[in-house]
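The following exercises concern the contact between two domains, the surroundings of two ligands, and salt bridges. Please inspect the sequence and the structure before working through the solutions.

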Amino acid sequence: MPNMSPDKVKMPEQEPDVRNKNFLEVALGYTPEMAQEEAKRCLQCKNKPCVAGCPVNVKIPEFIQHVANGEFEKAYEKITETNSLPAICGRVCPQESQCEKLCVRGIKGEPVAIGRLERFVADWFMQNSKPQAKSIQKNGTKVAVIGSGPAGLTCAGDLVNLGYDVTIFEAFHTPGGVLMYGIPEFRLPKALVQKEIDSLKQLGVEIKTNMVIGKVLSLDELKDEGYKAMFIGTGAGLPNFMGIPGENLNGVYSSNEFLTRINLMKAYLFPQYGTPVKVGKNVAVVGGGNVAMDAARSAKRLGAENVYIVYRRSEKELPARLEEIHHAKEEGIIFKLLTNPTKIIGTDEGWVKGIECVEMELGEPDSSGRRRPVVKKNSEHIIDVDTVIIAIGQSPNPLIKSTTKGLDTHDWGGIIVEEATGATSKEGVYAGGDAVTGAATVILAMGAGKTAAKAIDEYLRND
Ligand code: FAD
Ligand code: SF4
Ligand code: SF4
C-alpha cells in the first residue's frame with residue numbers, strides 16, 4: 001500500500017539555536033525506517049516524470065522501489081548507474097527545481113523526497129559496504145584532467161574505469177573544487193567528499209595538487225608530456241564585484257575569499273588550527289544565491305550578532321535553494337529584500353562602518369523574464385555594518401584562455417564547446433562544468449564531465 005501522506009517524512013535536524021553556533025551538518029539524514037516510509041509515497045508512475053527533471057536521469061522510481069523493499073545495496077547500484085556522487089547530490093542538488101519539481105505527488109502535497117532518499121542510500125552504502133578491489137584493464141593512454149571539482153572528478157572517474165591513465169591537475173593544495181572550498185561543512189561534510197576522492201585514487205587516478213595550469217604548465221606542454229586528450233574543468237572561481245565606492249575597504253570580502261578561508265583554511269577551528277578570518281558584529285552579505293546563504297550562515301556561526309542578506313529583488317526571485325533560505329531564516333539571518341547597495345562607507349582608518357543602500361521596486365520584466373528592480377525615490381538609508389561580503393556571482397578565470405592558443409571563449413570568459421561532446425576549438429581538448437556555463441550546479445558539472453569522458457573515449461579510439 002502506498003503511503004498517501006501529503007507531507008514528506010521529516011528529516012531530523014539540529015535545532016536552529018544550537019546549529020548556528022557550530023559547523024556540524026544541519027540535516028541528520030533518514031533512518032532506514034524513515035527512508036522506507038518515505039519511499040512508499042512514490043506511486044511508481046509508468047511515465048516517470050521525475051526522471052526527466054534529473055540532469056543525469058537517475059532511475060528514480062526503480063531505486064525508490066528498492067528502498068521501499070529494504071534493498072538498499074540494490075538501490076545504490078541503481079542510482080550509480082548514472083550518478084557517481086549520490087551522497088553529494090542528495091545533499092546539494094536543487095531538487096525543488098529538478099527531479100522533485102516534476103513529481104506527481106507534488107500536485108496535491110509535497111513531492112517524494114527524492115534527494116533525501118538518494119542521500120540515505122549513499123550514506124547507508126558508505127557505512128555498510130565492504131571496499132572491493134576492482135581490476136581495470138589499462139590501455140596505457142594518458143589523459144589530463146584540469147581542475148578537481150565535480151566536473152573533473154566525474155570525468156576522471158569515468159575515464160579511469162575505461163582503462164585510461166588519468167592525472168588530475170589541481171591549482172589548490174586540496175582537491176574537490178567548490179565541494180571542498182565553497183560549500184560549508186554544515187551542508188556538505190568534507191569527509192564525505194574526501195571519501196569520493198579517495199575511491200578515485202584507489203582506482204588509479206593520480207592527483208597532482210598545487211599545479212596551476214596555464215602558469216606552471218601550459219596545455220601544449222601537457223601534450224608534449226604525452227597526454228593524448230585533456231578535459232578542462234576549472235570552474236568559475238573569479239569573483240564579481242559591484243563596482244561601487246568602498247569595495248577596497250578593510251572588512252570587505254569576496255564570498256570566495258571568505259568561504260575559502262573558512263572551509264579550506266579551517267578558520268572556524270582557529271586558533272587551535274587553521275587561519276583566521278575577521279568577522280565583525282554586524283555583517284552584510286550582498287546577493288541572494290546559495291553562495292550568499294552559505295556566507296551569511298557561516299558569518300553567524302563565527303559569532304556575528306546581526307547578519308543581513310541584502311538583495312535587490314523580492315523573496316520570490318531569490319535564486320538560492322528553498323531549503324537554504326528556510327534554514328537561514330531559522331538561524332536568525334535578517335533579509336533586507338528590495339534593497340540595493342550604492343556605497344560602502346569607511347572609517348578614517350579605512351575600515352568598513354556601514355553600507356549605503358536604496359530601496360527598490362519591481363518594474364517590467366527584463367530579458368531574464370524577472371521583473372527589473374528600479375530605484376524608489378528618496379529611499380537612501382544606511383545599514384550599520386563592519387563587515388561586507390560580496391556574493392553576486394563568479395566568472396571563469398581567464399588564465400587558461402590567456403595562455404592557450406586556439407581555445408575559443410565567449411566575451412564573458414566561458415569556454416565555447418560543442419554541446420553534445422564538450423569538444424573545444426582545440427584538437428583533443430574538452431571542457432565542461434562552470435568553466436563552460438558560468439556558475440551553475442554540481443549535477444550539471446557532473447553531467448558535463450560524463451559527456452566529455454564519453455566523447456574523449458570515442459576520440460581516442462578513433463585516433
Ligand atoms: P569547481 O567546483 O569550481 O572546481 C574547479 C576546480 O578547478 C577548482 O578546484 C579550482 O581550484 C581548479 N582550477 C581552477 N583553475 C585551475 C587551473 N588553472 N589549473 C588547475 N586547476 C584549476 N551547486 C549546487 O548544485 N547546489 C548547491 O547547493 C551549491 N552551493 C554552492 C555554494 C557555493 C558557496 C558555491 C561557490 C557554489 C555552489 N554551487 C552549488 C555551485 C557548484 O558548486 C558548482 O556549479 C560546481 O562546483 C561546478 O563544478 P566544476 O567542477 O565545474 O568547478
Ligand atoms: Fe534529483 Fe539530483 Fe538525484 Fe538527479 S541527481 S535525482 S536531480 S537529487
Ligand atoms: Fe515516484 Fe514522484 Fe517519480 Fe511518480 S513522479 S515515480 S511518484 S518519484
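A salt bridge is a side-chain nitrogen of Lys or Arg within 4 Å of a carboxyl oxygen of Asp or Glu. This cut-off is needed in Exercises 1 and 3. The structure is a predicted model.

**Exercise 1. Describe the contact between domain 1 and domain 2.**

Step 1. Locate the domains. The domain assignment places domain 1 at 16–128, domain 2 at 142–237 + 396–462 and domain 3 at 239–393. The contact between domain 1 and domain 2 involves 20 residues of domain 1 and 19 residues of domain 2. The C-alpha centres of these two domains are 27 Å apart.

Step 2. Consider the buried area. Domain 1 and domain 2 bury about 1800 Å² between them, and carbon and sulfur atoms give 76% of that area.

Step 3. Count the specific interactions. Between domain 1 and domain 2 there are zero salt bridges, while two residue pairs are in polar contact across the interface.

Step 4. Assign the side of domain 1 that touches domain 2 to its helices. Helix H6 (86–92) and helix H7 (114–128) each supply at least two residues. H6 gives the largest share, five residues.

Step 5. Classify the residues. The side of domain 1 that touches domain 2 holds 13 nonpolar, four polar and three charged residues.

**Exercise 2. Determine which residues surround ligand 2 and ligand 3, and divide each shell by class.**

Step 1. List the shell of ligand 2. Its residues are Cys54, Pro55, Val58, Ile60, Asn83, Cys89, Cys93, Gln95, Gln98, Cys99, Glu118 and Ile443.

Step 2. Divide the shell of ligand 2 by class. Eight residues are nonpolar, three are polar and one is charged.

Step 3. List the shell of ligand 3. Around this ligand lie Cys42, Leu43, Cys45, Pro49, Cys50, Pro61, Cys103, Val104 and Arg105.

Step 4. Divide the shell of ligand 3 by class. This shell has eight nonpolar residues, no polar residue and one charged residue.

**Exercise 3. How many salt bridges does the rule give, and which parts does the pair of Lys8 and Glu100 tie together?**

Step 1. Apply the rule. The count comes to 27 salt bridges.

Step 2. Examine one pair. Lys8 and Glu100 form a salt bridge in which the closest N and O atoms are 2.8 Å apart.

Step 3. Place both residues in the chain. Lys8 belongs to the segment before helix H1 (16–19) and Glu100 to the loop between H6 and H7, so the pair ties together parts that are 92 residues apart in sequence.

Conventions:
Residues numbered from 1 in each chain as written. Chains lettered and ligands numbered in written order. Predicted model: local features only at pLDDT ≥ 70, side-chain atom pairs only at ≥ 80, totals over all residues. Heavy atoms only, no water. Near = heavy atom within 4 Å. Nonpolar A, V, L, I, M, F, W, Y, C, P; charged D, E, K, R; others polar. Domains from an automatic or database assignment. Contact = heavy atoms within 4.5 Å. Buried area = accessible area lost by both parts, 1.4 Å probe. Polar contact = N/O pair within 3.5 Å; in protein donor to acceptor, adjacent residues only side chain to side chain. Helix = DSSP H or I, 4+ residues; strand = E, 2+ residues; numbered from the N terminus.
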